[in-house]
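I open these notes on a structure that is new to me, and I begin with its strands before turning to the backbone.

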Amino acid sequence: MAILIRLTEARRAVSSIAGIFTILGMLATLASISGCSIHIRSSHEPMHPLTEPLVIKATAKGYVHKIDLYMEKSRIGASGEQVVFSPMRIVNTCDPLFWKRSLTCFDVIAEPNGRHEDGVMIKFMAIATSPLGDTATETYEFASGAYPNANKPIPIRVKGDPVEKFDIVLIRTNEFDLEFFRHHLDDIIEESFFQYSTFRDWRMFYNFYYSDVSQPYEEPCAFNGPFSPKVPTFPNAFVRSLLTDADVIAYLHEDEMEDCRKEERFSAEFWFDKSIVHEAGHALFGLRDEYYGGLGPQCVGPRNVWHSEAECLEDAHANQLEEGYCKPRGSTLSWKFDQEGPDGCIMNGRSTQWRSGSDFGPACRHRIYWHMGNCLAGECLQDVMCVNPRQ
Ligand SMILES: [Zn+2]
């Protein structure tokens with residue numbers, strides 16, 4: 001069907017010489033792509049719409065014939081259950097005359113009375129279709145209007161059952177404004193987490209939430225008031241309530257500060273991807289700093305830091321990692337594999353971590369993929385507490 005439509009469009013284009021070349025190119029491409037590859041990624045803003053128009057957007061790449069945007073609305077009940085009151089329907093279709101390598105489709109949804117109805121969950125689905133009828137789909141849910149459960153994390157990009165996902169809650173520290181924070185939630189996800197393939201290409205593993213309640217953070221590592229090594233800052237009642245649903249809580253602050261991971265909580269500048277992703281590497285995946293510090297108890301699963309060169313080499317061989325990279329980590333008491341420098345591991349010190357090309361190195365990725373496998377089995381944070389609780 002899609003091909004017939006394309007050919008009808010092709011006939012229209014024969015009226016010019018340029019059109020003939022377009023048709024030849026199009027037919028050659030259609031002939032050469034027996035299995036079309038097509039990818040789609042969707043987003044929306046503001047991530048928790050209250051009074052502003054809601055913009056939903058999807059970008060497809062590959063051989064793209066069209067994109068359809070769908071929405072379904074549910075009402076959130078007192079105990080969190082959802083009842084659909086507006087079934088899944090198409091809200092926009094973007095169907096250009098010719099297929100494209102990249103196509104973006106969006107729709108703006110303004111509520112008639114200037115305010116999104118309270119207590120609603122929106123399921124947003126975007127489907128891209130190739131000229132040969134192959135499809136790629138992305139679906140997630142988010143809250144719209146005032147959220148009815150004050151002590152619960154507010155869903156802003158939820159891909160599925162929390163048991164099989166890493167559940168990340170973004171909260172702001174006391175010094176900055178709620179509205180400012182709410183309007184930057186999409187940047188924090190798109191421009192920090194999703195700049196890294198661990199999050200972007202594996203985004204089916206992550207549920208994102210936020211809280212509209214702020215919390216204190218003082219450097220270094222004081223999440224609920226002044227830090228004392230002898231008196232750990234245990235989560236207060238509100239944070240404990242968030243942690244019944246969250247795997248990790250990101251304390252995001254505006255000023256530059258020394259950041260830290262402490263059990264399920266980590267801090268970072270809301271505008272700095274390197275800080276967010278490094279600390280998330282500790283909190284979500286139990287990755288060790290690759291630059292200094294004691295080794296602590298040994299972790300279950302693949303490691304990114306080893307007690308000895310022999311252990312590092314053994315794991316390197318077992319995991320088909322390239323030989324020759326095992327080297328002392330800060331001191332000769334421990335060893336690491338991942339590289340330093342421009343394309344080095346983001347779990348390294350600042351001279352590597354802050355470089356634009358830094359990312360999770362091969363040893364870190366081995367541990368991350370091991371965690372993802374556990375997550376699929378419903379144990380997303382297995383063994384993550386084995387690491388030194390303060391990093
Ligand atoms: Zn660290």
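I looked first at S1 and strand S2 (residues 54-64), which run antiparallel and are joined by eight bridges; strands here are DSSP runs of E with at least two residues, helices are runs of H or I with at least four, and both are numbered from the N terminus. I noted that Arg 41 has Thr 59 in S2 as its bridge partner. The model is predicted, so that local features need pLDDT of at least 70 and side-chain atom pairs count only at pLDDT 80 or more, while totals for chains, interfaces and linings use all residues. Residues are numbered from 1 along each chain as its sequence is written.

I then followed the open sheet of three strands, whose order is S1-S2-S5 with antiparallel pairing, where two strands pair if DSSP finds at least two bridges between them. Strand S1 (38-45) and strand S5 (100-109) each have a single partner strand and stand at the edges, so one side of each is left without a neighbour in the sheet.

Next I checked the peptide bonds. Glu 45 and Pro 46 are joined by a cis peptide bond with omega about -10 degrees, and Pro 46 lies in the loop between S1 and S2. The bond from Glu 219 to Pro 220 is also cis, with omega near -10 degrees, and Pro 220 sits in the loop between strand S10 (206-210) and helix H5 (237-243).

Last, I looked up Cys 221, which is not a glycine and yet has a positive phi of about 80 degrees. Cys 221 lies in the loop between S10 and H5.
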